[in-house]
Amino acid sequence: MYGRKVKLRFFFIFLIALTLSFTIFLILKSLEENVVFFKSPSEIKTLSEMQNKKIRVGGMVKTDSISIVNKELNFVITDFKNEINVVYSGLIPNLFEEGKGVVAEGYLNDENFFSATKILAKHDENYMPPEVKAALEEK
Amino acid sequence: MFKYFEPNKIFSVTSKAPKYVLLLFIIIFSIGLTEALIFSPEDYKQSHSVRIMYVHVPAAWISLGIFSTMTILSIFGYIFKIKNFFLISKSLAPSGFVFNVIALVTGSIWGKPTWGTWWAWDARITSMLILALFYLIYLIAWRIYDEKEQVYKITTIITILGIINVPIIKYSVDWWNTLHQPASINILSKSTIHSSMLAPLLIMTAAFALFSLLIFLMKYNTELIKIKNKGLDRL
C-alpha cells in the first residue's frame, strides 16, 4: 500500500525514538542518586559513610514531636520505618505541621541527628474544602 | 487524502472560525473564572492559594497536550510527506509555549507560600523547564532555516527529542522523591480532589483549550495567506 520510502522513513523514525528513549532511560537510571529531591530516613541509615555535603531529608513530621528548646525547633522526620531528629532555627513555611510532609535541607551530624538550614513544607495530593475535612475527621 | 493540500479550501473555513471560537472562549472563560475565584471553596490546608491551581494545572495540561500533538503531526508529516501537518504543528507551538511558561510562573507563585520556596530543582519542575526549552528551540528552528525540506526534518527531530521528556514529566512524581505532589486526578484510581474543586478546574481547562485553538487558527491563517502570496513565503 505504501511505498518503500515511506516504510523506510517509518522505520528510521522508530529506530531514532527507540535509541533515544533507551539512552535517556540509562542516563536517568545512573543519575538516580541526583534526580531524587530528598532522601528518606531509611536511606540515610543505609548510607555507607557520613558526607559533609548538604543533603535533603524528607518524610512526615512525627505527631507530637515538635518542641522548641532555646529558640531551636526540634522535630522528628519519619517514613514510618525509620526516624531522624532534626534541629532548626529560622523561618518555617505556613504549611509546616505535625503529621504532614516536610523536606529539610542541611547537614548530617550523625545518622540520627540532622541540623537543617532550610525547611520546606511538602504538600500532598489531597484537595478538599474545610467542611469536608472536618466531616472526614469525625468519622 | 492529505496529498492534495488546498490552502484555499481550508482557508475558507479557518478564516471564519476565529470569531466563533473567541465568543465561546469568552463565555466559558467567564464561567470558569467566577467558579474558580468566587464559588469554589478554599482548601482546608492551603486556603485561598489553592485558586492558583485553576490556572496552573490546565496550563500544564495544555502545554503537554500541544507538544504531544505537534510530535505526532511532525512524525506523520515526515513519514507520509504531508506539508500541511508541519504548518499545523508550527501554528500550535506558540500557545503551547505560552501555557508552559504560565504553568512555571504560577507554580512558582504557589510554591512560595506553600512550600516556602520560589524554585526547587526537583524532577517535575526541572523537566517542565526542559519542555519550555524544547518549545523555544522548536520555535527558533522555524526562524533560522528558510529551506522547507530542511526545516521539516529539523523540527521533526526536535519534537522526537522533546517527546521523551513528556512521560518523564508525567511520571517524575511517581518515580522519584519530588517536592511536587503526585497527581490528584487519576483515571484508573480514585481522584483525591473534591468535586467542588474539580468542576472549575475542568471548565478552566476547556477555556484554555479554546484559547489555544483561537491562537492556533490565527497563526494558521497567517501561514495560509503567506502560501497564497508566494512572494511573502518567509516564516
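**View 1. Trp118(B) sits out in the open.** With 11 C-beta neighbours inside 10 Å, Trp118(B) counts as exposed, and this, like everything in these legends, is read from a predicted model. You'll find Trp118(B) in the loop between α4 and α5 (123-144) of chain B. Which residues does Trp118(B) contact, leaving aside its neighbours within four places in sequence? They are Ser108(B), Gly111(B) and Lys112(B). Take Ser108(B): ten residues separate it from Trp118(B) along the chain, yet their C-alpha atoms are 4.9 Å apart.

**View 2. Here is α3(B), a helix largely enclosed by the rest of the structure.** Of the 28 residues of α3(B), 21 are buried, so the rest of the structure largely encloses it. How does its length check out? At 1.5 Å a residue, those 28 residues should span 40 Å, and the end C-alpha atoms of α3(B) are indeed 40 Å apart. Just past the helix comes Lys81(B), which takes a positive phi of about 55 degrees.

**View 3. Next up is α2(B), with a few buried residues to pick out.** This helix covers residues 17-39 of chain B. Its 23 residues should span 33 Å at 1.5 Å each, and its end C-alpha atoms lie 32 Å apart, which agrees. Which residues of α2(B) are buried? Look for Phe25(B), Gly32(B) and Ala36(B). Among the things covering them are α3 (53-80) and α8 (195-228) of chain B.

**View 4. Now for the place where chain B touches chain A.** On the chain B side, 35 residues are in contact with 32 residues of chain A. The elements of chain B that give two or more residues to this side are α3, α4 (83-114), α6 (148-163) and α8. Which of them gives the largest share? That is α3(B), with four residues. Sorted by class, the chain B side has 20 nonpolar, eleven polar and four charged residues.

**View 5. Stepping back, this is chain A on its own.** Chain A has four helices and six strands. Follow the sequence and the pattern reads α-α-α-β-β-β-β-β-β-α. Is the chain spread out or compact? Its radius of gyration is 23 Å, well over the 14 Å that the globule rule gives for 139 residues, so chain A is more spread out than a compact globule. Along its principal axes, the C-alpha trace spans about 80 × 45 × 25 Å. Of the 139 residues, 27% count as buried. As for contacts in chain A with a separation of 6 or more, 50% of them join residues 24 or more positions apart.

**View 6. Zooming in on chain A, here is strand β1(A) with its partners β5(A) and β3(A).** Six of the seven residues of β1(A) (residues 55-61) are buried, so the strand is largely enclosed by the rest of the structure. Its pairing with β5(A) (residues 101-110) is antiparallel and runs over six bridges. One spot to look for is Arg56(A), whose bridge partner in β5(A) is Glu105(A). The pairing of β1(A) with β3(A) (residues 72-78) is antiparallel too, over two bridges. There, Val61(A) stands opposite Ile77(A) of β3(A).

**View 7. Two loop residues of chain A have a positive phi without being glycine.** Start with Asn70(A), in the loop between β2 (67-69) and β3 of chain A. Its phi is about 50 degrees. Asn70(A) is exposed, with 6 other C-beta atoms within 10 Å. Then go to Phe80(A), in the loop between β3 and β4 (83-88) of chain A, where phi is near 70 degrees. Phe80(A) is exposed as well, with 11 other C-beta atoms within 10 Å.

**View 8. Last comes the largest nonpolar core, which has 80 residues.** As a rule, nonpolar side chains in soluble globular proteins tend to be buried together. Which members of this core touch the most others? They are Ile77(A), Val86(A), Val102(A), Ala104(A) and Met204(B). The element that gives the most to the core is α3(B), with 15 residues. For a closer look, try Val86(A): not counting residues up to four places away in sequence, it touches Phe75(A), Ile77(A), Ala104(A), Phe114(A) and Ala116(A).

Notes:
Residues are numbered from 1 along each chain as its sequence is written. Chains are lettered from A and ligands numbered from 1 in the order in which they are written. A residue is buried if 20 or more other C-beta atoms lie within 10 Å of its own, exposed if 12 or fewer, and partly exposed in between; C-beta atoms are placed from the backbone. Two strands pair if DSSP finds at least two bridges between them. The expected span of a helix is 1.5 Å times one less than its number of residues. Two residues are in contact if their C-beta atoms, placed from the backbone, lie within 7 Å. A nonpolar core is a set of buried Ala, Val, Leu, Ile, Met, Phe, Trp, Tyr and Cys residues joined through C-beta atoms within 7 Å. The radius of gyration is taken over C-alpha atoms; the globule rule is 2.2 Å times the number of residues to the power 0.38. Ala, Val, Leu, Ile, Met, Phe, Trp, Tyr, Cys and Pro count as nonpolar, Asp, Glu, Lys and Arg as charged, and the others, Gly among them, as polar.
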